[in-house]
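Trainee: Got a minute to go through this one with me? I'd like to start with the open spaces, then look at some helix packing.

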Amino acid sequence: TQTETHRLARRRTIAPIVPYVSVIIGMYLLQSAWAALLLYQAQMAIVLSFEGQWYHIGALTRCRKRRLIAVAVVMMFSGIALIGLAPILGLTQSLAATASRFGLAGNHWLPFILCFSFTNGWMEEIYWRGYLGSTSRRLCWFDLWFAGYHALVLALFVDWWWALAAVVVLIGAAWSWRQSAHHSDGLLVNAISHIGADLSILLAVWVVIG
């Protein structure tokens, strides 16, 4: 019915705030990267369950245009760029202390990297490009919402102008992932590239911390 359609639309407008709540509580209040990650994933799972959107999980194995997978593999090397930029960003001196402040030090790093990389990427694709997906060729609000919450995290590690620059890149990534989901009729390319990028970047951070 029209009433139910309006209700669904309203809930979709609220859904993008989920990561912002998680980051504010986990990183800013509890000062725990683990708390932020687990709270975010729990909220996504609740929303997807409540909205009956888990059927998008089937799209994680689907790709109509296999050549896009090659593009996805390239994103696995994102961490190399971070290693090169680390001295410019001033991360070589401050990153270890900042990460430790949020519970990421010593033996805590590897479990976090593996958990984050192999769970968060595909969940976010189901959530942002599945449930909140759009076939529009233009930028949409969901692209901005997705990129924006990363600024809250990055602002804790780098100067605001670098965080802003990263958000611009992430807006482009969100748009590209949305187009990929549409043109490949699936989320396989998205999942590969998202997981690869997360794993590459977090391993690079680990290397920088040394």
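**Pockets, a cavity and a helix pair**

Mentor: Sure. Start with the second largest pocket: its lining has four nonpolar, seven polar and four charged residues. Keep in mind that this is a predicted model.

Trainee: What volume does the second largest pocket have?

Mentor: About 280 Å³.

Trainee: And which residues are closest to its centre?

Mentor: H56, R129, G130, A181 and H182. They are among the 15 residues that line the second largest pocket.

Trainee: Which elements give two or more residues to that lining?

Mentor: α7 and α9, the latter spanning 160–183. The largest share comes from α9, with three residues.

Trainee: OK, closed spaces now. How many cavities of 30 Å³ or more are there?

Mentor: One. The largest cavity has a volume of about 30 Å³.

Trainee: What lines the largest cavity?

Mentor: W128, R129, L132, F142, D143, F146 and R178. You've met R129 already, as one of the residues closest to the centre of the second largest pocket.

Trainee: How does the cavity lining divide by class?

Mentor: Four nonpolar, no polar and three charged residues. Compare that with the second largest pocket, where the lining has seven polar residues.

Trainee: Which helices supply at least two residues each to the cavity lining?

Mentor: α7, residues 109–131, and α8, residues 141–154. α8 gives the most, with three residues.

Trainee: Switching topic. What numbers do I need to describe two packed helices?

Mentor: The angle between their axes and the distance between the axes.

Trainee: So give me those for α2 and α3. What are the angle and the axis distance?

Mentor: The angle is about 155°, and the axes are 8 Å apart. Helix α2 covers residues 18–29 and helix α3 covers residues 33–50.

Trainee: Are they roughly parallel or roughly antiparallel?

Mentor: Roughly antiparallel. Angles over 145 degrees count as that, and therefore α2 and α3 qualify.

Trainee: Which hand is the crossing, left or right?

Mentor: α2 passes α3 in a right-handed crossing.

Trainee: Which residues make the contact?

Mentor: From α2, V18, P19, V21, S22, V23, I25, G26 and M27. From α3, A33, A35, A36, L39, Y40, Q43, M44 and V47.

Trainee: And how do the residues of that contact divide by class?

Mentor: 13 nonpolar, three polar and no charged. The cavity lining, by contrast, includes three charged residues.

How values were computed. Residues numbered from 1 in each chain as written. Predicted model: local features only at pLDDT ≥ 70, side-chain atom pairs only at ≥ 80, totals over all residues. Heavy atoms only, no water. 1 Å grid on protein atoms, 1.4 Å probe; cavity = no way out; pocket = protein on both sides within 12 Å on 5 of 7 lines; lining within 4 Å. Points joined across faces, edges and corners; volume = space filled by probe spheres on them. Helix = DSSP H or I, 4+ residues; strand = E, 2+ residues; numbered from the N terminus. Nonpolar A, V, L, I, M, F, W, Y, C, P; charged D, E, K, R; others polar. Axes fitted to C-alpha atoms, helices over the stretch in contact; angles between N-to-C directions. Parallel < 35°, antiparallel > 145°, perpendicular 65-115°, else oblique. Left-handed = near helix turned anticlockwise from the far one by under 90°. Contact = heavy atoms within 4.5 Å.
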